[in-house]
Every structure is written in structure tokens, then in C-alpha cells.
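Tutor: Please look over the model shown below before we discuss it. We shall proceed by question and answer.

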Amino acid sequence: MHANTWTGTGIGVAILDTGLYPHADFGDRIRGFQDFLGRRPYPYDDSGHGTHVAGILAGDGSACERRYRGVAPGCHLIAAKILDKRGNGRLQDVLRALQWISANQKRYGIRIINISVGTAAKDSKAATRLVKAVEQAWDQGFVVVTAAGNMGPAYGSVTAPGSSKKVITVGASDMLDRISSVSGAGPTAECVCKPDLVAPGADVISCANKRNSYAIKSGTSMSTPKVSGAIALLLQKDPLLTNVEVKMLLRESCIDLGYPRNRQGWGKLDIRKLLTL
């Protein structure tokens, strides 16, 4: 448990992904679920990606004697299924999910939106609408955390909506300088430096979507919930922080890894330092 005090209790995190399997590590903390594809009323995940992301963020390790725990094992989850079992989705479902989250913000106590997905269509109308939608959520007060994407390391490879200048964009700190380097890099089409920061994302063990088991996955999708979890801890510590203040505190807490700004952002997430600021 980070700082032996903070677990994210009382902080709601909305996850836009492939769904959410009711893994034992989430207990009774799945407070809301909305299926924008199949209209099923109960939590499920036919891919496993969303469940893996949620475990990194909020799993408490109940099914593994605490060996694998998320960053904020006390926060509660609100899942919006916008992707199918192959990880494909439609813009209209993402937009509807963001509207649903906005409408249910107070009901579920949602402070953070985690989006571990993206599109590489840099100049398309769809990408523009997607960026506009997440920026609207940011302007409403949500802390929006998005993945930089796995299209790197070429410059300009950050995917939308991580290309938004407002939201917090996360790359993978351990996928920056090796043969399999894939973490998305900036600058964006608007010449904005991205990502904002990086966190570990390679070979991460987290919750799987069957029989309370675990799986290993890699990518900036796995880095993003680590930052969302850290923010949940921070908001539990100081609930009055705005999303802009959260972003500035993240900047002050990062460890410089020595890479260019458009590869590592401000640097690597340091949760302990973040919670002492």
C-alpha cells in the first residue's frame, strides 16, 4: 500500500475499454457498468483487456494472497464497454460513453476517466471529434488519463485521444529504449509535446477475465492505469484538487530518465514523491 495510508477509497474511476470481468480482486467495488455494444446489464469482458487494465488500477489481490495488487485497491470502478472482443470500436460508442459518464458523475462519484485505447488516424474527422470529446470531459472537471499508444517510437506517433493538449497522456517507461520499443512519441499535429509522463508497461501481471486468474500483457495500455491509480491515491489525500492541479503535481513528481521530452514527457511516475507534494 502506497505511503501505508492511501488506497483510493471514495474515488470513482471510469474505465472505457472492452468491459470488466467481476474478478475477486474487485470485490464489491464495481459500482457501475454500461454495455454500449451488446446491451448486457451485468459486468463482463469478452477480451480481457479492460479487466487487465482495471486490475493494474484497482485490484486488491484477494485471489492471489496479495501477490498482485493494483495501485489503488480501495477505489471503486465504473466500466463502460466500448470495444469488442478484438479491441475494435466505433467513435459513436466512445462519445456516448463519455456522455453517460458525465450524466452519472455524481451518482457514482467519478473523478477519473481511464482510456487505454486510441486511434492512429491523426488528421481524420473521427480523431478530431474524439479529442474534442475528451477535452469537453476535462473541462467538466474530470481527470482524463489516456494511453500514448503503441505506434512508436517514431515522432508524431501518439494516438488520439492522447494527442489532446489537455488530458494526461501516458507512455511506457520500459518500452522506450529496446528492440521492441513501441511507446507513442510526440509532438502532436499541433506541435504539443507528448506524452506527459511514462510508467512501467512491459510484461505486467494483472487480472484476467476468467476464473479469477491472472495474465501478462504489455503496452501503454498497462502504463495508463498506473497513473490513474496514483491519481486516485492523490485525490483521496486531497479531494479538493482540480484536474489541472493534479497534472501539475504529476509534473513535479516525475523522475527524469534522460530521454527526449517527446519520448518520456516529464519523466517516470514516482508515486511516493507525488504523495509527499
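## Helix α1 and its surroundings

Student: Which residues of α1 are buried?

Tutor: Helices are DSSP runs of H or I with at least four residues, strands are runs of E with at least two, and both are numbered from the N terminus. A residue is buried under 20% relative accessible area, exposed over 50% and partly exposed in between, using a 1.4 Å probe and protein chains only. On that basis, the buried residues of α1 are H49, G50, T51, H52, V53, A54, G55, I56, L57 and A58.

Student: On what basis do these values rest, and how many of the ten residues of α1 are buried?

Tutor: This is a predicted model, in which local features need pLDDT of at least 70 and side-chain atom pairs count only at pLDDT 80 or more, while totals for chains, interfaces and linings use all residues. Residues are numbered from 1 along each chain as its sequence is written, and side-chain values use heavy atoms, with hydrogens and water left out. Helix α1 spans residues 49-58 and is largely enclosed by the rest of the structure, because the number of its residues that are buried is ten of the ten.

Student: Which elements are included in what covers the buried residues of α1?

Tutor: Contact here means heavy atoms within 4.5 Å. The cover includes five strands and a helix, namely β1 (12-17), β3 (76-81), β4 (110-115), β8 (204-207), β9 (214-217) and α5 (220-237).

## The protein as a whole

Student: What radius of gyration does the protein have, and why does it agree with a compact globule?

Tutor: The radius is taken over C-alpha atoms, and the globule rule is 2.2 Å times the number of residues to the power 0.38. For 277 residues this rule gives a value near 19 Å, with which the protein agrees, because its radius of gyration is 17 Å.

Student: What share of the residues is buried, and what share of the contacts joins residues at least 24 apart?

Tutor: Of the 277 residues, 57% count as buried. Among contacts between residues at least 6 apart in sequence, the share that joins residues at least 24 apart is 75%.

## S183

Student: Is S183 buried or exposed, and which backbone atom does its side chain reach?

Tutor: S183 lies in the loop between β6 (168-172) and β7 (197-199). Its relative accessibility is 1%, so S183 counts as buried. At 2.9 Å, the side chain of S183 reaches the backbone nitrogen of A172.

Student: With which residues is S183 in contact, leaving aside its neighbours within four places in sequence?

Tutor: A172 is one of these residues. The full set is G149, G152, P153, G171, A172, M175, L176 and T220.

## Backbone features

Student: Which residues does a cis peptide bond with omega of about 10° join, and where is the cis bond with omega near 0°?

Tutor: The bond with omega of about 10° joins G152 and P153, and P153 lies in the loop between β5 (143-147) and β6. P195 is found in the loop between β6 and β7. The cis bond with omega near 0° runs from K194 to P195.

Student: What is phi of R211, and what is phi of N212?

Tutor: R211 is found in the loop between β8 and β9, as is N212. At 66% relative accessibility R211 counts as exposed, whereas N212, at 30%, counts as partly exposed. Neither is a glycine, yet phi is positive in R211, at about 45°, and in N212, near 50°.

Terms used
Polar contact = N/O pair within 3.5 Å; in protein donor to acceptor, adjacent residues only side chain to side chain.
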